[in-house]
Amino acid sequence: MRISIRWKLAGTYFIMIVLTLLLADWLAYTALKDHYLQEREDAYRVHTNVVGTYAGEYILGEYMAMPTLIRDYGNQVDARVVLLNRQGYVVGDSFNEQWIIGMQLKHPEVQAALRGETASGTQYVSDEEWVMYISVPVTRQKEVVGAVLLSTDITDIGEALDSLLRRMVLFSLLGGMLAGLIGLWLSVEVTRPVQELTEAVERVAMGNLDQRVPVHSRDELGQLAKAFNTMAIKLARFDRTRQEFIANASHELKSPLSSIKALAESLTYGDERDVVVYKEYLNDINSEVDRLNRLVHDLLKLAQLEDENTVLQKELQSISDIIQRIVNLMKPQAKLKEISLRAYTPEDIFWPVDRDTLSGVLLNLVDNGIKYTPPGGRVEVECQSQGEELVIRVADTGEGIPPEELPLIFERFYRVDKARARQTGGTGLGLSIVEEGVKLLGGTISVESEPARGTVFTINLPK
Ligand code: ADP
């Protein structure tokens, strides 16, 4: 069975408070009981001692007026006084009851007194009646010759204590219930945000990502609600980006496919016989297939970089060696566009990087530099270590990027000049791959650009 936190809290409050109060009740009860009994005992011991002083003469048969004396005394102090001889037989009784005279009393108090000690004790003589016994030895020349046993009714103390205890227990239970109610109210307050959150999480789990919960407080629960909201916003954004990405990717894949289909159909159903035209069409088909290839390649590359399980092989590498290889690889392409491609790198920089990832990043940046720089321009790659950072710059003297477009160029499929996109042959994924690669290397990338003057991409890599 699932018990709600509310009931658990309220129940715990109730039990804790009731137990504590009952314990306190018990301590107070026993302390009070001891106090009352001691008080009563102290008072009556004085009386017992007074009787004890004179009892010797009577017990030894020297003073016969004793019975009247103890009767009056007993009546006055509201107690029964019994005189006993050395063997514990009753020789005098303030109640003057004949049946008790000559009876041997075995009370522990009597026995203690006959041993020469004073003693006291209480006893229930019936359900209702509670009695206190106090005894003193009666001595003559340091010899015990008998004992005085005084008994007094202390039922009043018992009744007072009982009624007190009943009231205390009642108040404890009421207190516990009050605490339980407060606990219930408190736990309702505490669990309300949790419940709201649970419901919101359940809705998110059902696919309804547009969820927010109210933030009631600034404590841990408030922070949890805030964290949930942030997560929900990110999740919704992530979902939107994913949908956009799929739509864009389908669109990008669709256009070369449509071209191929159109070209193939016109060759199949048209009555064109000229081989030159055929070749031209096939050539077009071929370049569309190349384009599809590039797209699929870039998509796979991006997926690989975004895969959380991708592990980098970071090893100490000669950075100038990596850059030089890229420059050599791109040289023919640059030459074709009459662009000067150069690397300025100190020989002695070694840095822990994943060679393939860094090469991929630089290849894309240099490729963009060449693509977006008109003939006669320059593309330069330089690197230097600045303290704990490696800084690589890829600069060109190309067409530049308008400032308002700068924040967007790293987005998937984003192109500044949409119309020219096909012409340059770019997939629109290059800078996304660059950004993911740099992120994977643990670094950052920034861009500065001035239209018609050129663009500089700067990569900072930590050690
Ligand atoms: P593409 O495949 O179109 O080059 P990228 O993701 O590599 O896609 O780049 C996105 C867009 O950013 C490009 O379409 C281009 O408009 C702009 N861009 C990227 N690099 C440069 C550059 N060096 N100079 C000018 N514009 C650039």
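Begin with the largest pocket of this predicted model, which is lined by 40 residues. Select Asp 367, Asn 368, Lys 371, Tyr 372 and Gly 430, the lining residues that lie nearest the centre of the pocket. The volume of this pocket is about 930 Å³.

Next, colour the elements that give two or more residues to the lining of the largest pocket: the helices α6 (275-306), α8, α9 (421-424) and α10, together with the strands β10 (389-396) and β12. Of these, α8 deserves a separate selection, since nine residues of the pocket lining belong to α8, the most that any element gives. Then colour the lining by residue class. The largest pocket shows 16 nonpolar, 13 polar and 11 charged residues in its lining.

Now display the ligand. Where does the ligand sit? The ligand is found in the largest pocket, the one already on the screen. Select the residues around the ligand: there are 18, and the closest are Asn 368, Tyr 372, Asp 396, Gly 428 and Leu 431. By class, this shell consists of eight nonpolar, seven polar and three charged residues.

Zoom in on three contacts, one after another.

- Asn 368: a polar atom of this side chain lies 2.8 Å from an oxygen atom of the ligand.
- Asp 396: an N or O atom in this side chain is 2.9 Å from a nitrogen atom of the ligand.
- Gly 430: here the contact is with the backbone, where a polar atom is 3.3 Å from an oxygen atom of the ligand.

How much of the ligand does the protein bury? Taken alone, the ligand exposes 530 Å², and 97% of that area is buried by the protein. To see which elements form the shell, highlight α8 (355-371), α10 (430-440) and β12 (454-462), each of which gives two or more residues to the surroundings of the ligand.

Leave the ligand and turn to the enclosed space of the model. Rolling a probe the size of a water molecule over the atoms shows where empty space is left. How many cavities of 30 Å³ or more are there? The count comes to one. The space in the largest cavity is about 40 Å³.

Select the residues that line the largest cavity: Pro 193, Val 194, Glu 196, Leu 197, Val 213, Pro 214, Leu 221, Leu 224 and Ala 225. Two elements, α4 (155-205) and α5 (220-269), give two or more residues to this lining. The most come from α4, with four residues.

Finally, colour this selection by class. The lining of the largest cavity has eight nonpolar residues, no polar residues and one charged residue. For a last view, show both linings together: the pocket, with 11 charged residues, and the cavity, with one.

Key: Residues numbered from 1 in each chain as written. Predicted model: local features only at pLDDT ≥ 70, side-chain atom pairs only at ≥ 80, totals over all residues. Heavy atoms only, no water. Near = heavy atom within 4 Å. Polar contact = N/O pair within 3.5 Å; in protein donor to acceptor, adjacent residues only side chain to side chain. Areas by Shrake-Rupley, 256 points an atom, 1.4 Å probe, with all protein chains shown as cover. 1 Å grid on protein atoms, 1.4 Å probe; cavity = no way out; pocket = protein on both sides within 12 Å on 5 of 7 lines; lining within 4 Å. Sits in = over half its atoms within 2 Å of the grid points. Nonpolar A, V, L, I, M, F, W, Y, C, P; charged D, E, K, R; others polar. Points joined across faces, edges and corners; volume = space filled by probe spheres on them.
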